[in-house]
Amino acid sequence: MLRPKVKPVLAYLVLIVPSSLIILGFLWLLITSFSTRVEGLQSLGWTLNNWRFLWESPFGPQYPSIWAVTLNTLVMSLIMTLIVVVVSSLTGYALSRMKFPGRKGFLSLTLILHAFPSVTLLIPIYFVLLQIAKIPLIGRDVPLLGGFGYNTIGGVALVMVAFQLPFGIWIMKGFFDNISWDMERSALIDGASRFKVWWQIIMPNIKPGIAALSIFSFLTAWNAYLIPLTFTAGRAGKSAVLSLYLQNFISESVMTEWNAVAAVGLFQLVPVVLFFLFTQEALLNIYGGGKKGGV
Amino acid sequence: MKIALEALNKHFGKVKAVDNLDLEIGDGEFVALLGPSGCGKTTTLLMLAGIYKPTSGHICFDDRVVNHLLPKERNIGMVFQSYALYPHMTTFDNIAYPLKLKRVRRKEMKERVQRSADMMGIGDLLDRKPAQLSGGQQQRVALARALVKEPAILLFDEPLSNLDAKLRLRMRGEIKRLQEDLGVTAVYVTHDQVEAMTMASRIAVMNYGVLQTYGTPNQLYNHPDTLFVAGFIGAPPMNFLEMTFEERDNGFYLKTQALEIRISAERGALAKQNNVPQRVIMGIRPENVSIVAEQDPDFKAEVYLIEPLGREDLVTFRFVDEEIRALVPAPFDGRIGETICLKLDKEKAHLFNPETEVSVLRTGNGRSS
C-alpha cells in the first residue's frame, strides 16, 4: 500500500510527463512564430515578419488571401455543423423513440460506417462530386458556398457531413434515450403533437447534447485536412481552407520557412483554443451522462 | 364520464400484457388498478390515455368508442410516478402548457393556472423551476397541470411511490378529497394495496394481465374470490394452511395432522355445492387467530417470533410443520418457545380449491361468502 500522500504525487507525475511533451510543442510553436531563428526553445531574434501573411499575400495575387481562406473554413465548418446537428437530432429521435422495421439494422450499419476508414472512399466520392457539379443551380456558382460539387466549399462540407453523421446520430440517440418516456407521454396528453413534443419538450432538454455535438463537429471541420485536400483544387483554388493554406509554405523548390509555418499554424489554432476555453464543459458532456448540466 | 373496457387486449410480441380485460367504471368513481409490477395495470392506463393502441377490444368513454382518438382528443389529465415535469420550464409554464396548446387567451390562462396552483397549495412557487422544488411540491405541480384543463378523467400512475412515507399518507388523503370535490372519474394505478384500499371506491386486482377480481375494498378484504387476491390484499398477509375437507356425523370438518376444526353447516354445504375437493387451502387472516385460555383451544402452537407493531403484536407460531401468524393485543407476554393455546374464528376462514385457486365459498352471484 502506498502512503496516502504519495498517491497524488504519483498521479501528477504520470500526468505531467505526457502533457509536458505537448506543452513543449506548443511553446516551440509560439516562440518560433515570433523569431527569426530558434535554437531549441531559445529565440535568436524577435520579429513580426512571420505574421506578414495577415496583411499581404506572400505568394502573389493569384493565391487567395488568408482572410478569404479563413472565411472559407468558417463557412464550411458552420454549414457542416448545422447539417450534422439538424439531421442527427431528427434521426437520433426517431431511432430512440420509434419502432420501425430495419431500425436495428440501421443502427448497426451506422456504427459500421463510423468505423469505416474514410480514405477507402475518396476515389468513388470524387466521381460523385464530379456528377453533382453538373447539376444546375446547386452544382456550382452558389454564392459563398461555391456549390455542392467538386472543388466547392459546399461539396467538401457535404462529404464531411456524411462522414460525421454516424457519430452524430449515435451521440444524439444516446441523449434522447436519457429523456424519460413519461415526459413525452405527458406532453402528448397535454395536447402536443409529435413534432411539438420534439421541438418544445425534448429538444430544450438535450441542449447539452446539441452543444457538444456542434462543438465537436465544428472542430472536426475546422481541422480537416484530407477531405479538403482531395476534393478541392488545393491551396491555390478559390475553395482553399486553412489547413491547405499551410502547404503554401512547404514546397520542393524553395526552402521551407518553418517560422512562417508556425505562425500560420498558430493562427489556425487560436479559434480552436478560444472555443475550448468557453465550451469544454459542454464538450465533456458527450462522454458524460448526458443529463448533467441540463435543466 | 363513464369508462368501459370491452375484451381489451394488448400484446407486445408474444407477451400478453393485458389479456381480455372487461371493466366498467362509473361516472365520478375512483377505481384503483392493483397488482404486482408487470401485471398489466400501467399498460391498461396507457391505453386509456391513448399512448398505447389496444391489440384488440374496445375502450369506451360514455358509450363512445375512443380507440382511434389521440391522447389530446380524450380530455384526460394524467399524473406520473416520475412527475414528468418539463425541467426547462417554470412551474407556471408547466401548468400552463396544456392551456397554451389549446390557445387559451393569456388572461384566462393566468387565472386558471393561478386557481389550480392555489388549489394544490403551490400558488407562491410559480416562478421556480422543477429542480428547485421538493418531491412533494413537484407532485403538486404535476397534479395542478393535470387539473388545469378540467379533464373528464384523471389518470394516476403510481403517483405517490417516490414520496416519503409521511408525505405519501398526506397526499393520499388530499388526492382522495380532491377527486371527491371535483367529482371527476379517476383511475389510479398502484402496487400498494393500502393505497388502493384507502382511496378507491372499487379495486380491480390484476395479475399476469388478467383481471382477478373487481369489487369494493370491503368485498375484496372480507370475501376474496381467488387465492391470489386473498394473499395480495391485507397486511400482514393471510395465513394459508393445506387441509383436508371431510363430511361426517352431519358436520363439516377441516383437518391437518395437528388440528381439526368444525365449520358451520351453512358454509360446509356451500363448499360442497361448489364441488369442494378433498384437499383444500384454508386461509385465515392474522386478526382472526386468537389466544385463548387452556380450555377449548383449536390447537396448541409454539411461539417462534414476536414482532411488536405498537397497537398490536404480530406473533408467529409453529406447530408440527406449519406456521401461523396472529395479531394479538399488545403487549404479548409470551416467550419464544412457549406453547400457547390458539383459536380460529371459523366464520372468517376462507377455502380455496388448490387446483383452480378459486374460492369454494362463492355464492350464486359469484361473490364468496
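Two strands count as paired here if DSSP finds at least two bridges between them. Keep that in mind for the close-ups below, which come from a predicted model.

**View 1. Strands S16 and S19 of chain B run side by side in the antiparallel sense.** S16 covers residues 299–308 and S19 covers residues 339–344, and 4 bridges link the two. Look for Lys300(B): across from it, in S19(B), stands Cys341(B).

**View 2. Step back and S16 and S19 turn out to belong to an open sheet of 5 strands in chain B.** The order across this sheet is S15-S19-S16-S17-S18, and the pairing is antiparallel. At the edges sit S15 (289–291) and S18 (322–329), each with pairing on one side only. From one strand to the next, the twist averages 50 degrees. As for what holds such neighbours together, strands of a sheet pair through backbone hydrogen bonds.

**View 3. Strands S1 and S2 of chain B form a hairpin with 2 residues between them.** Here S1 (residues 3–12) and S2 (residues 15–25) pair in the antiparallel sense over 7 bridges. One bridge to pick out joins Leu8(B) to its partner Leu21(B) in S2(B). In this hairpin, Gly13(B) takes a positive phi, near 65 degrees.

**View 4. Helix H5 of chain B spans residues 165–182.** How far do its 18 residues reach, from the first C-alpha to the last? The answer is 26 Å, close to the 26 Å expected at 1.5 Å a residue. Just after H5(B) comes Gly183(B), and its phi is positive too, near 65 degrees.

**View 5. Chain B meets chain A in a contact that takes 18 residues from B and 15 residues from A.** On the chain B side, the elements giving two or more residues are strand S6 (76–79) and helix H2 (91–101). H2(B) gives the most, with 3 residues. Sorted by class, this side of chain B has 13 nonpolar, 2 polar and 3 charged residues.

**View 6. The largest nonpolar core has 154 residues.** Which residues have the most contacts inside this core? They are Met160(A), Leu155(B) and Tyr188(B). Helix H5 of chain A (residues 153–177) gives the most to the core, with 14 residues. In soluble globular proteins, nonpolar side chains tend to be buried together.

**View 7. Zoom in on Tyr188(B) and its contacts.** Leaving out residues up to four places away in sequence, Tyr188(B) touches Phe30(B), Val31(B) and Ala32(B), along with Phe156(B), Met199(B) and Ala200(B).

Conventions:
Residues are numbered from 1 along each chain as its sequence is written. Chains are lettered from A and ligands numbered from 1 in the order in which they are written. This is a predicted model: local features need pLDDT of at least 70, side-chain atom pairs count only at pLDDT 80 or more; totals for chains, interfaces and linings use all residues. Helices (H or I, at least four residues) and strands (E, at least two) are DSSP runs, numbered from the N terminus. Axes are lines fitted to C-alpha atoms, for helices over the stretch in contact, and angles run from 0 to 180 degrees between N-to-C directions. Two residues are in contact if their C-beta atoms, placed from the backbone, lie within 7 Å. Ala, Val, Leu, Ile, Met, Phe, Trp, Tyr, Cys and Pro count as nonpolar, Asp, Glu, Lys and Arg as charged, and the others, Gly among them, as polar. The expected span of a helix is 1.5 Å times one less than its number of residues. A nonpolar core is a set of buried Ala, Val, Leu, Ile, Met, Phe, Trp, Tyr and Cys residues joined through C-beta atoms within 7 Å. A residue is buried if 20 or more other C-beta atoms lie within 10 Å of its own, exposed if 12 or fewer, and partly exposed in between; C-beta atoms are placed from the backbone.
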